[in-house]
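Biologist: Before we discuss this structure, I should like each term to be justified by its value. Please show it first.

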Amino acid sequence: MAITANMTTHDGIALTNAYCYIPTAYVKKFDGEWSQKTDSDGNVIKDENNNSTWEQADATWKVIYDVLIYADADKRADRQEKTYRIKNNHVDHFKVAYSLDATDNPFKLAYADLKTNSQLSNVKDVIE
């Protein structure tokens, strides 16, 4: 699977029908942040030894994916494809929320998210 889209790189170069491919998409667990416990007035709650008490927020899950960009599918398919990659800091690495109840695989979720990226326009699925 891949998409084509119009975009402007972080260097200001306009690309038309650039070929965007997601080589990796995976789910990662992030531990919740630690914070001091506070009461309803915002005062830090102390234990019997006058030490601050801490609590950890719930863990979160994210789909993490990278995007490789080429001028077209032929450049992607070339034996020296690495030399044809186009750098665009606006569209290269993402983390999106993931639910453990999700039934879609990470790649499907990653492409769905990429298609909604505000840096892209005229997004189309590539039929391979």
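Modeller: The model is a predicted one. A search of the whole structure yields one aromatic pair.

Biologist: What makes Arg76 count as lying over the face of Tyr21?

Modeller: Arg76 is 4.0 Å from the ring centre of Tyr21. A charge sits over a ring if, besides meeting an angular condition, it is within 6 Å of the ring centre, and Arg76 is listed as lying over the face.

Biologist: Why is Asn117 called buried?

Modeller: Its relative accessible area is 12%, and buried means under 20%; therefore Asn117 is classed as buried. Asn117 belongs to the loop between α2 (106-115) and β9 (121-125). Leaving aside neighbours within four places in sequence, Asn117 is in contact with His90 and Phe94.

Biologist: What makes the approach of Asn117 to Gln119 a polar contact?

Modeller: The side chain of Asn117 reaches the backbone nitrogen of Gln119 at 2.6 Å, and the limit for such a pair is 3.5 Å.

Biologist: How do you know that β3 and β6 pair?

Modeller: Six bridges join β3 to β6 (residues 60-66) in the antiparallel sense, and at least two are required. Val27 stands opposite Val63 of β6.

Biologist: Which strands are the edges of the open sheet, and what makes them so?

Modeller: The three strands follow the order β3-β6-β8, with antiparallel pairing. β3 (25-30) and β8 (93-97) each pair on one side only, and are the edge strands. From one strand to the next, the twist averages 30°. Across β3, β6 and β8 lies α2, running at about 75° to β6.

Conventions
Residues numbered from 1 in each chain as written. Predicted model: local features only at pLDDT ≥ 70, side-chain atom pairs only at ≥ 80, totals over all residues. Heavy atoms only, no water. Phe/Tyr/Trp six-rings, centres within 6.5 Å; stacked < 30°, edge-to-face > 60°. Lys NZ or Arg CZ within 6 Å of the ring centre and 35° of its normal. Helix = DSSP H or I, 4+ residues; strand = E, 2+ residues; numbered from the N terminus. Buried < 20%, exposed > 50% of the residue type's maximum accessible area, 1.4 Å probe, protein only. Polar contact = N/O pair within 3.5 Å; in protein donor to acceptor, adjacent residues only side chain to side chain. Contact = heavy atoms within 4.5 Å. Axes fitted to C-alpha atoms, helices over the stretch in contact; angles between N-to-C directions.
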